[in-house]
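Me: I am new to this structure. Can you walk me through it, feature by feature?

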Amino acid sequence: MNVCSLRIDDRALTVAAGTSLLLAARRAGIVIPSLCHLDGLTPVGACRLCLVEVDTAGPLAACVTAAAEGMRVRTDTPLLRDIRRSLVEMLFSEGNHTCAVCIADGDCELQTMALRVGMDHNRLPGRFPSRTVDLSHPLFGLDHNRCILCTRCVRVCDEVEGAHVWDVGWRGERCRIIAGLDQPWGAVDSCSHCGKCVEVCPTGALFHKGSCGGDHPSHPERLAALLRGRRRQEGPP
Amino acid sequence: MSTAATAMLRVCTAAGCRSRGGEQLRRHCATAATEAATEAATEAMAAGAPPLRVKGVGCLGPCSDGPLLAVDAEDTTRLFGFAADQASGRARAERVAAGLQQRLRATGSAPAGAELGTWRPPGAHLIPADDPFLALQRRLVLERCGLIDPGELDDALAAGAYRQLRAVLEQDDPAAVIAAVQRSGLRGRGGAAYPTGLKWQAVAAMAGQRKLVVCNGDEGDPGAFMDRTVLEGDPHGVLEGMAIAALAVGADHGFVYVRAEYPLAIARVRRAIAQAQRRGWLGTAIGGSRHGFDVEVRVGAGAYVCGEETALIHSIEGRRGTPRPRPPYPAERGAFGLPTLINNVETFANIPVLLRLGCEVYGRGTKVFSLTGPVRRGGVLEVPLGTSLRTIVETMGGGSASGRPIKAVQTGGPSGGCVPASALDVPVDDASLRALGTLLGSGGLVVLDAGTDMVDLAAFFMAFSREESCGKCIPCRCGTVQLELLLRKLLARRGTAADLAELERLCAVVSSASLCGLGQSAPRPLLSTLRHFRPEYTALLNAEAGQPQAVQP
């Protein structure tokens, strides 16, 4: 196997060539913050929280940057800390994230991230957009107020379930997750009611109907287990 | 052009002059010429003398004087404009056509239009050939633009189109072509200024049976219309460049991606492709060789970000036009997963010229600019790289037309910045402009006079980037919103020194954290105006704003 040696935060390690810096760092016990990344889904490098400084080059997204021989990676610098806090602040400013009345309170990756990056208050003014809630699906709901557009739901539905119910509509600040051809979720025939999108949602945007605060069953880790199981069953190609 | 015996009227029917009635002018003049020829033939009982040729051509240059009309007669060419003419397009066309008919009638059966050497279209003013706007140009990319009828392949062939492609086919040595491009030092003309030869080499080195060549014509910077001019004026030059590139890198299929806002360019490129296919310059076995190269047009759907190469690839594939992280670069994995060579319109148009002239004569090459704003003479011009901005703006453009002095020149659109009047002696090349905190960009030059509020200008460009952000990554999607809000707050005189500091901090976050070039360069117009015109920002600060209000007892 082709391997390469690199240094991440002064820890020397050797990984298989082509391993992403995010995974390489995890091997070294360093958890780089991320929101859009999820093991098992194609990385998109969209949330920019996993930015790291590589040698003297500008920040690179660790989820889509392959480890290379002799690389020197810094995962926690003043610049990166400021970028990360700013990004989380931007997300809080952009949506309507009211933890106290959110189903995901206590089990929310955005909330955890805010604590992690030291966001004790938001320096950016809130935008308080007018957003809708889609409760047309018999089992699940989608609250656009809490969506951070990580596109995990889009990818899991397309890549794992193969239904491609979700996509992103519009652009810029008007971006919105859409079901089918921007239809009510319940009206989209291709939805198989599998609930994978709900499981991978980092916030309370996608949720089981009927659940309330405290019992938000978000289990992003189950995706990796599912894919492992599938691979075992299918055997080598 | 050596049209010794006959005479010709060339009327600009490209988008700019067309909007001022260029096409009407051409039609009316053509009718007048035909009628005059018929009359002459009847009178002389001769077998129809050939009518004066009236040709619709691409851009003639000084668009601000449009509609433009060139009269070729007796070995001289005179260019006329109608800048001071207030008449409607139709009234003007009728007046000029009547004048033309009268003139042709007066000379009876004389060879068509040979006596037009002294004719001045009524209401027109002469733009002398030694006018700096014309005389200081070096037209390589635009060599045939304005001379040939872009809808007629024969016209282009007579002027030398596809001659270099034939030479390359006869030589059949792709490595030599790439070496020549590399030796020339040609850099991408779309804004990023990446060495073209290096890109070609990377694509040529990729394994794989199928490769693609893509021409990026998604020109979207406000005030930029160079690529439109090239596509409208000489589409065959671009197609020839693409075909040569395809041979060099081993591609068999190509796309010309043109934004939907350029309907005339789209129509002319489509027509040019069809004509070239009929004559065997595109399609299977081009020029009778063993190589094939097919080209199709893809029309954008109105997103600025699709000028970014990975977003453009997604758009060609029929997907949502959002960028993706690089690597892999398109050279490795581009459209439909195939190694893809993406170059700008002007870059491809440079290829046949540089192969014909050779590196020595070609030199550093040229750059096409579109000059707009309050200058006396604006339009499309092509000058040697390294010409000073002052020469372009003050000598060729004639300086300010508004009576107010020139304050700055905006280059590079929403990804670029401003060159203050004090630095106008900067030579136009990528390195010099980058040192000033702006970009050469794709070639849009917007002149700003002393009446321009630079903070307002920064807010305009930030609003543009906010509107055009694809929304994929957080810093660009949310950061451009926050930056525009802060600028509006300053403009409303509600901002404080803390807001200004926050503005600069957020600029750093957006430019260093964004996924693609659009986000990374979105703060540049703001940072550039802050660098050169900081007092305008500080003058807007409000010391009282943000202070707690005194509570009345």
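Reply: Start with the interface. About 2,400 Å² is buried between chain A and chain B, and carbon and sulfur atoms give 54% of that area. Keep in mind that this is a predicted model.

Me: What does the area between chain A and chain B tell me?

Reply: The general idea first. Interface size is often quoted as the accessible area that is lost when the parts come together. In this structure that area is about 2,400 Å². You can also count residues: chain A brings 32 residues to the contact, and chain B brings 29 residues.

Me: How many salt bridges are there between chain A and chain B?

Reply: Side chains of opposite charge can pair when their charged atoms come close. Between chain A and chain B the count is six salt bridges. One of them joins A:Asp82 to B:Arg505, with the closest N and O atoms 2.8 Å apart. Polar contacts are a separate count: 17 residue pairs across the interface of chain A and chain B, both residues at pLDDT 80 or more.

Me: Which element gives the largest share of the side of chain A that touches chain B?

Reply: Look at α2(A), which supplies 10 residues, the largest share of that side. Both α2 (78-94) and β8 (166-169) of chain A supply at least two residues each to the side that touches chain B. By type, the residues on this side of chain A divide into 18 nonpolar, five polar and nine charged.

Me: Where else can I find a salt bridge?

Reply: Over all chains the structure holds 54 salt bridges. Among them is the pair B:Arg10 and B:Asp72, whose closest N and O atoms are 2.7 Å apart. B:Arg10 sits in strand β1 (residues 8-12) of chain B and B:Asp72 in strand β3 (residues 69-73) of chain B, so this pair ties together parts that are 62 residues apart in sequence.

Me: What is the strand order of the sheet that holds β1 and β3 of chain B?

Reply: Strands of a sheet pair through backbone hydrogen bonds, either parallel or antiparallel. Here the order is β2-β1-β3-β4-β5 (chain B), an open sheet of five strands with mixed pairing. Its edge strands are β2 (53-57) and β5 (125-127) of chain B, and each pairs on one side only. Neighbouring strands are turned by 30° against each other on average, direction ignored.

Me: How do β4 and β5 of chain B run, parallel or antiparallel?

Reply: Antiparallel. Three bridges join β4 (residues 76-81) of chain B to β5(B). Follow one residue across: B:Phe80 stands opposite B:Leu126 in β5(B).

Me: Which strands form the open sheet that includes β14 of chain B?

Reply: Five strands do, in the order β11-β10-β14-β12-β13 (chain B), with mixed pairing. The edges are β11 (379-384) and β13 (417-420) of chain B, each pairing on one side only. The twist averages 30° from one strand to the next. Inside the sheet, β10 (residues 366-372) and β14 (residues 444-449) of chain B pair in the parallel sense over three bridges. B:Leu371 has B:Leu445 in β14(B) as its bridge partner.

Me: Which helices lie on this sheet?

Reply: Take two. Helix α14 (residues 389-396) of chain B lies across β10, β11, β12 (406-411), β13 and β14 of chain B, and runs at about 135° to β11(B). Helix α16 (residues 454-468) of chain B touches β12, β13 and β14 of chain B, and its direction makes about 15° with that of β12(B).

Me: What backbone exceptions should I look for?

Reply: Most residues other than glycine have a negative phi, and most peptide bonds are trans. Now the exceptions. The bond from B:Arg326 to B:Pro327 is cis, with omega near -5°. The bond joining B:Pro327 and B:Pro328 is cis too, with omega about 0°. B:Pro327 lies in the loop between α12 (309-316) and β9 (340-344) of chain B. B:Pro328 also lies in the loop between α12 and β9 of chain B. In chain A, A:His164 has a positive phi of about 50° although it is not a glycine. A:His164 is in the loop between α4 (152-161) and β8 of chain A.

How values were computed: Residues are numbered from 1 along each chain as its sequence is written. Chains are lettered from A and ligands numbered from 1 in the order in which they are written. This is a predicted model: local features need pLDDT of at least 70, side-chain atom pairs count only at pLDDT 80 or more; totals for chains, interfaces and linings use all residues. Side-chain values use heavy atoms; hydrogens and water are left out. Two strands pair if DSSP finds at least two bridges between them. Helices (H or I, at least four residues) and strands (E, at least two) are DSSP runs, numbered from the N terminus. Axes are lines fitted to C-alpha atoms, for helices over the stretch in contact, and angles run from 0 to 180 degrees between N-to-C directions. Contact means heavy atoms within 4.5 Å. Buried area is the accessible area (1.4 Å probe) that two parts lose on being put together, summed over both. A salt bridge is a side-chain nitrogen of Lys or Arg within 4 Å of a carboxyl oxygen of Asp or Glu. A polar contact is a pair of N or O atoms within 3.5 Å; within protein, one must be able to donate a hydrogen and the other to accept it, and residues adjacent in sequence count only if both atoms are side-chain atoms. Ala, Val, Leu, Ile, Met, Phe, Trp, Tyr, Cys and Pro count as nonpolar, Asp, Glu, Lys and Arg as charged, and the others, Gly among them, as polar.
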